[in-house]
Amino acid sequence: MPDFNSFNFAGHKVLVRVDFNVPLDANFNITDDTRMRAAVPTIQKIRKDGGSVILMSHLGRPKTGPEDKFSLHHLIPHLSKLLGCQVKFADDCIGEPAVSASSSLKPGDVLLLENLRFHPEETKGTEGFAKQLSSLGDVYVNDAFGTAHRAHASTAVIAQFYPADRKMFGLLMDVEIKNANKVLHQAEKPFTAILGGAKVSDKILIIENLMDRVQYLIIGGGMTYTFLKAQGKEIGASLCEEDKLDVAKEILEKAAKKNMQILLPVDSVIADKFAADAQTKLVDNDQIPSGWMGLDIGEKAIAEFSKVILASKTILWNGPMGVFEMKPFQKGTKSIAEAVAQATKAGAFSLVGGGDSVAAINQFGMEKEVSYVSTGGGAMLEYFEGKELPGIAAINQ
Ligand code: AMP
């Protein structure tokens, strides 16, 4: 595979798969443009070399074909501003509109194709559709880490229509993979993984894959309580996945036999209802009264977790420690973010990934205080589960 930075794109028409699946408000204003900004260096390098850029992406989950609310034309003004040039638009990603728009591109031009998912063939991974897309450009660049775990036409199937020296990762994809590999395969010890979020069921595979790699596995968030119940504790009305109690027990038993430690919070901020105006109390986790629910980790847990984090050299964080969207249950997640930031300042490598931990770190304005914030939610999770991502495999083959 050619190295993106060393490739000279002069005179090439470069088909770039980006992940512009950004949130829009009711007036089609982009409420978070992180994913668009993340693709800018790749686009600008191609333009600077004298290549032309054809961007393709999905937006949302259109069901039966074109729908204005999922049209990528809403992104044109903002993208043009980010790139400093007027971005052209083709109102279909294949067929006449795409072919004529791409054939009239000049060096330095940027064309955005309409939403790939207006064609069901995209998610089905249909070869004929992928081939039509591939006819638009003579070089294929995949820079969509956020969709790398999908075997879709534009993310994986398309790669077979390009020779090995004409397909490669873009700069974003490259840095995502390098940082993930650094954590997964070259982690300096002690390596601590912090896993939070709502459900154990979403995190079983990542826990199992990380158990052989980390020295400490910190567990917080809603999934704490399934583990506590598996240990025989009363958890009141806290979140619990009854059908995962056995798995939680097995994980704890396995950990006891390995050279690593699972840390569960010893206390919680509990509430009498799932609401920002609930009554709250700070209690040890063997003192949760019936009818009350744990919605954040407590002070003792913050202190214990922070100590471990501050002594770590590699930190992976996925999932919030509590219901950080509500102010009374924010402190746990914020304190852990502060500990990760402090450890980073002291020389640790910290990677934060997964939708909600990224949202939390952005909400606290601390995204610059960690080593790397991944743009891939599901993709990042699957990578750390040890799976081969189709978007990566297709280019490596
Ligand atoms: P996930 O998508 O699995 O990473 O879960 C993120 C969600 O888990 C966030 O919306 C949090 O509000 C929620 N969450 C975190 N801690 C708890 C808790 N103790 N009880 C219920 N939900 C929680």
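**Around the ligand, then out to a loop**

Let's start at the ligand: 16 residues surround it, and Ala198, Gly222, Gly294, Glu325 and Asp356 come nearest (a residue is near a molecule if one of its heavy atoms lies within 4 Å of it). Keep in mind that this is a predicted model, where local features need pLDDT of at least 70, side-chain atom pairs count only at pLDDT 80 or more, and totals for chains, interfaces and linings use all residues. Residues are numbered from 1 along each chain as its sequence is written, and side-chain values use heavy atoms, with hydrogens and water left out.

The shell around the ligand is made up of 7 nonpolar, 5 polar and 4 charged residues; here Ala, Val, Leu, Ile, Met, Phe, Trp, Tyr, Cys and Pro count as nonpolar, Asp, Glu, Lys and Arg as charged, and the others, Gly among them, as polar.

Now for some atom pairs. Look at Glu325: an N or O atom in its side chain is 2.5 Å from an oxygen atom of the ligand. In the side chain of Asp356, an N or O atom is 3.2 Å from a ligand oxygen. Gly222 uses its backbone instead, with an N or O atom 3.1 Å from a nitrogen atom of the ligand. On its own the ligand has 510 Å² of accessible area, and the protein covers 81% of that (areas by the Shrake-Rupley method with a 1.4 Å probe).

Next, move over to Pro66, in the loop between strand 2 (52-56) and helix 2 (76-83); these are DSSP runs numbered from the N terminus, helices (H or I) having at least four residues and strands (E) at least two. The C-alpha atoms of Pro66 and Ser104 are separated by 25 Å, and the two residues are 38 apart along the chain.

Technical notes
Polar contact = N/O pair within 3.5 Å; in protein donor to acceptor, adjacent residues only side chain to side chain.
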